[in-house]
Amino acid sequence: MNHLPPQIADWFTAKGWSPHPHQLDLLAQKDLPAQLLIAPTGGGKTLAGFLPTLTELTEQHTGLHTLYISPLKALAADIGRNLQTPIDEIGLNIRVEDRTGDTSATKKKRQRADPPHILLTTPESLALLLSYEDAPHIFKGLQRVIVDEIHALAESKRGDQLFLALSRLQTLCPNLRRVGLSATVDDPKAIAQLLAKNPDPCPILHADPGPKPFIRMLGTEVAPPWSGGGAKFSIEAVLDQVRNHRTTLIFHNTRAQAEIFFHNLWLQNHEALPIGIHHGSLSREQRERVESAMINGELRAIVCTGSLDLGIDWGDVDLVIQIGAPKNVKRLVQRIGRANHRYNTPSKALLVPANRFEVVECIAALDAVKENDLDGDPRGPGPLDVLCQHILIRACSGPFLADELYQEVKTCGAYTDLTRVDFDRCLDFTATGGYALRAYDQWKRLINRDGHWHLRDPRSTQRIRMNIGTIQDRDLLKVRLRGRGGRPLGEVEESFAAGLNQGDTFLIGGQIVAYEGLREMTVEVSRNAAKKPKIAVFGGTKFATSTKLSHRILRMFQQKAWSDLPAHTAAWLHLQRQVSQLPEPNRLLVETFPYDGNHHLCAYGFAGKNAQQTLGLLLTKRMEEAGLHPLGFVSTDYATLIWGLDPVTDPAPLFDPASLKDGLDGWLAGNAVMKRTFRTSATIAGLIERNLPSKRKTGRQATFSSDILYDTLHKYDPDHLMLDITHREAMKGLVDFNRIEEMLTRIDGRIDHVTLDRVSPLSAPMFLEIGKVPIHGSADEALLDRYEDAALQEAGIT
Amino acid sequence: MSSVALTLEGETINARASGALFWPARSVLCVSDLHLGRSERIAREGGHIIPPYENTDTLQRLEDEIRALSPATIICLGDSFDDLAATKSLTEIETDWITRLQAGCEWIWIEGNHDPAPLDLGGTHRETLRIGALTFRHIADGQTTGEISGHYHPKASIQTRSRTVSRACFLFDTSRLIMPAFGTYTGGMKTSKPPLSTMFGKDAQVVLTGKSARRFDLHPSKRSSKPAASRSG
């Protein structure tokens, strides 16, 4: 029955523990080629994953035995520490090491020559290892691979890259067995399919989900504001909660919100409770300091973002507070799991909506959690940009046969249906650029000799290796205190830095700093004693509310009264109903109003963020044609807000389905979203380099924008693979035209146009959304005209 | 506005929306920093392979200007090629194209830092060229008046009411002018960054290129939030 070897069984007994059933089940089936374990946080998931390894390593093993892959560097290091204790206590002779971007070069070199028994790493570091010619030596003897937090990886291209890497590993180590560890998800089968080598079976084990979480909305004396994301009003109530718990995690949806909240929290933290901040834009030193303080139990609370989302053991967390609407029920459930690592006690979580629309979202999310109604969207076939990078990585490790690589790639769940035509196009792209104009004959990147594909120039391995990865840091600049050896504070986006003038103050790492200047590629700042930063935020990831939540909200709007909503929020909705109207499921509400010198149009399509985004692009294109000079738009899951120089008097023709559809093709060519998608895919596929061996080129005039490449390709080579990839990516990612059609069918021409003299209650939060898309059409010319006219008038010239 | 007329050492020259400069009195057309062969050079040196269409695009735009203006003299103000090897990489179609453009006019290649030696193509090769009051050279020497140069690819940002509009530009005062890059695969250097920011005084002006040519003061006076703008030719 029990497959535990005696020394491990004795260790459990000595600890007074007994293994969880799912841990034993996974051990019993350890010889299967693939298994997926679904378990809540704190369910002993990681130990379940490693028990088969520890069991097999009670016997002598030479070389690498188990590869552990996690999405976070910090998680790999953390697991290393946690694993060492049982290894020592059981008395096993096992070497465990981690290898991430932070590992020293000497250690990395040693690991390649003499790999440990257990190597803890990330998808990017694994891809890099596989690019070495000695990969077969490094992975010799490898028996098992454990993919932790696989649900998080499976959502992104990092997962696609990882599974491609596993297909390569499987060829090097035919007996490799795969185990995936996942939090609760809506569709475990989809993840199992990604994990297993096609067509291997992949049984799914479910751990006991544990008791239902205790979760509610945090009541505050003060009502949330009409708009905004700071949740400043809740600080007192949040501090109360921090006081009454051992350790509290305070989650935010964006880095900017975390910074602002942290700043405000400290302004009111009169008893100086030890509270830290942790997010992805902070420097490594800063993050590590907070992490170690957290592990040592020195902090009462951490203000954080998704960077703390994953299964790191943060010790004694007994409360999770979510500031701002959770946007996604699945993520909320996983965050709640951070509280209370004791398996048998319910997790405790509080939701703090930051504004009144988020009150509605929070209530909808609470209902969804109650009904265990998780959300998720299928990902579709494996992306070709990641495949292009994989081909380059494969070429770095040595010559290969196209047929063999194609067969290997097809063993990945996401690439099972990859056609030979698409594979060959990717191969041609990596070899020659794949241009209709056959150029570069003598400078091909890959050449075919005797049927084998080789790198033409072996020195190009360095550049390829430097550009491995699928995470797109939008050009980030380091922020440093001015002066010699100034302390690094973190990073901001280049576009944010570009908008700063000397003396502008902003928040980073919980302190207010003043912008001094840009030196090389570093933002130099000085400390500033200002109470309030002049420039409130810097950008960050914004989550989209899931489709299911959006529909729940729309249904909620139809109630006559809202007894389950706080009075202030109900009053707000009543006000919207009074001055305008509430969106209805089978009608489209369009409001127009002036604000801040521009004319605005707000369309409540409730079609989800991507579709609303596309709607914004199509509508602004039609407005452009109608001479209305649109300036830009911003989209949320429920609405699109467009502003321009001229008012829209009759919106109905703008929403004509046939014209919108006609607009799509013409539109796809030249807009900002396509260019953004292109930049991402072109970087992943190796058309554009993120990192150059010799740092940045001197002089910015040497580099030119990827937009120029996009425009040139579009003009001279419209059927090129990269444009094809961009199109596919946009259609499933940012375009989502199907949902616009669904919305248009649903409303069937029933458009309610409400003209207002100022911002409507429901549209107010839209003005604070980040991710505004500028339209560089005739408005630029019109603006320059009007600017000149104003200047002329001022100068007395007419 | 396809061009803005400005005065340099008493000579009237037109800064065109295309990024080319036209001197009507002498029928001189000047373009700078074509960077032909850029994609070939990148492929040769680094192994990443960008769309090889910049020569076609640059030559087409140059041809459009030549057809519109029928100049007697054409000056390519240096960095016409991304490097000397790139001159050899031109296809037969491209070299024929250049020869066709050269027909019936005097064609002068000014040496650039990317292409410092004579080229294997028709036309004259010069380090600098003086015509009347004006001197043409690739990199500004900081002293000569009436100097027209390239090299820096200046790019200016104008803060309008709603947003900042950034475009490649001519940067000049009454005695010197720096041209924008004409080549398709070229980026820009902000006029607010050194050395561009220190090369001109308070009276510097820019002409933005792109859909139209527009002139602005580079340093709008502090007192009026709107800088003085003027519209010309």
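# Sheets, cores and buried spots in chains A and B

Let's start in chain B, where strand 4 (residues 28–31) and strand 5 run parallel to each other, joined over four bridges. This is a predicted model, so read everything below in that light. Chain A brings 798 residues, 57% of them buried, and its secondary structure adds up to 29 helices and 27 strands. Of the chain A contacts with a separation of 6 or more, 74% link residues 24 or more positions apart.

**Chain B: strand 5 and its partners**

- Within the pairing of strands 4 and 5 of chain B, Leu29(B) has Ile74(B) as its bridge partner.
- Strand 5 of chain B also pairs with strand 6 of chain B, again in the parallel sense and over four bridges.
- In that second pairing, Cys76(B) is matched with Trp109(B) of strand 6 of chain B.
- Which way do the residues of strand 5 of chain B point? Thr73(B) and Ile75(B) go one way, Ile74(B) and Cys76(B) go the other, and all are buried.
- That fits the textbook picture, since side chains in a regular strand alternate between the two faces of the sheet.

**Chain B: helix 4**

- Helix 4 (residues 92–102) of chain B has five names on its buried list: Glu94(B), Trp97(B), Ile98(B), Leu101(B) and Gln102(B).
- Looking down the axis of helix 4 of chain B, these buried residues sit within an arc of 140 degrees, so they line one face of the helix.
- The general rule behind such a pattern is that an α-helix has 3.6 residues a turn, so residues three or four places apart point the same way.
- Turned away from the buried side of helix 4 of chain B are the exposed residues Glu92(B), Ile93(B) and Arg100(B).
- What do the buried residues of helix 4 of chain B pack against? Their partners are helix 2 (54–69), strand 5 (73–76) and strand 6 (106–110) of chain B.
- Just past the end of helix 4 of chain B comes Gly104(B), with a positive phi of about 80 degrees.

**Chain A: the seven-stranded sheet**

- Chain A has an open sheet of seven strands, with parallel pairing and the order 3-4-2-5-6-1-7.
- Strand 3 (96–99) and strand 7 (204–206) of chain A hold the edges with a single partner strand each, so one side of each has no neighbour in the sheet.
- On average, neighbouring strands of this sheet are turned by 20 degrees against each other, direction ignored.
- Strand 3 of chain A pairs with strand 4 (residues 118–121) of chain A in the parallel sense, over four bridges, and Glu97(A) stands opposite Leu119(A) of strand 4 of chain A.
- Helix 4 (residues 73–90) of chain A packs on the sheet, where it touches strand 2 (66–69), strand 3 and strand 4 of chain A. The direction of this helix makes about 180 degrees with that of strand 3 of chain A.

**Chain A: nonpolar cores**

- The largest nonpolar core has 86 residues, and the ones with the most contacts inside it are Leu67(A), Leu126(A), Phe139(A) and Leu387(A).
- Helix 16 (residues 384–397) of chain A supplies the largest share of this core, eight residues.
- Domain 1 (6–206) and domain 4 (580–782) of chain A both give residues to this core, so it lies between them.
- Setting aside neighbours within four places in sequence, the contacts of Leu67(A) include Leu119(A), Leu126(A), Phe139(A) and Leu169(A).
- A second, separate core of 60 residues includes Val329(A), Phe557(A), Leu589(A) and Phe767(A).

**Chain A: three buried residues**

- Pro86(A) lies in helix 4 of chain A and counts as buried at 7% relative accessibility.
- Though 78 residues apart in sequence, Pro86(A) and Ile8(A) are 8.9 Å apart in space, C-alpha to C-alpha.
- Beyond its neighbours within four places in sequence, Pro86(A) is in contact with Trp11(A) and Gly91(A).
- Arg168(A), in helix 9 (residues 157–172) of chain A, is buried with a relative accessible area of 13%.
- Not counting residues up to four places away in sequence, Arg168(A) touches Leu130(A), His390(A), Arg394(A) and Glu408(A).
- Glu358(A), in helix 15 (residues 356–370) of chain A, is buried too, with a relative accessible area of 7%.
- With the same sequence neighbours left out, Glu358(A) touches Gly324(A), Ala325(A), Lys327(A) and Pro353(A).

Methods. Residues numbered from 1 in each chain as written. Chains lettered and ligands numbered in written order. Predicted model: local features only at pLDDT ≥ 70, side-chain atom pairs only at ≥ 80, totals over all residues. Heavy atoms only, no water. Buried < 20%, exposed > 50% of the residue type's maximum accessible area, 1.4 Å probe, protein only. Helix = DSSP H or I, 4+ residues; strand = E, 2+ residues; numbered from the N terminus. Arc of directions from axis to C-beta. Contact = heavy atoms within 4.5 Å. Pairing = 2+ DSSP bridges. Axes fitted to C-alpha atoms, helices over the stretch in contact; angles between N-to-C directions. Core = buried A, V, L, I, M, F, W, Y, C linked by side-chain atoms within 4.5 Å. Domains from an automatic or database assignment.
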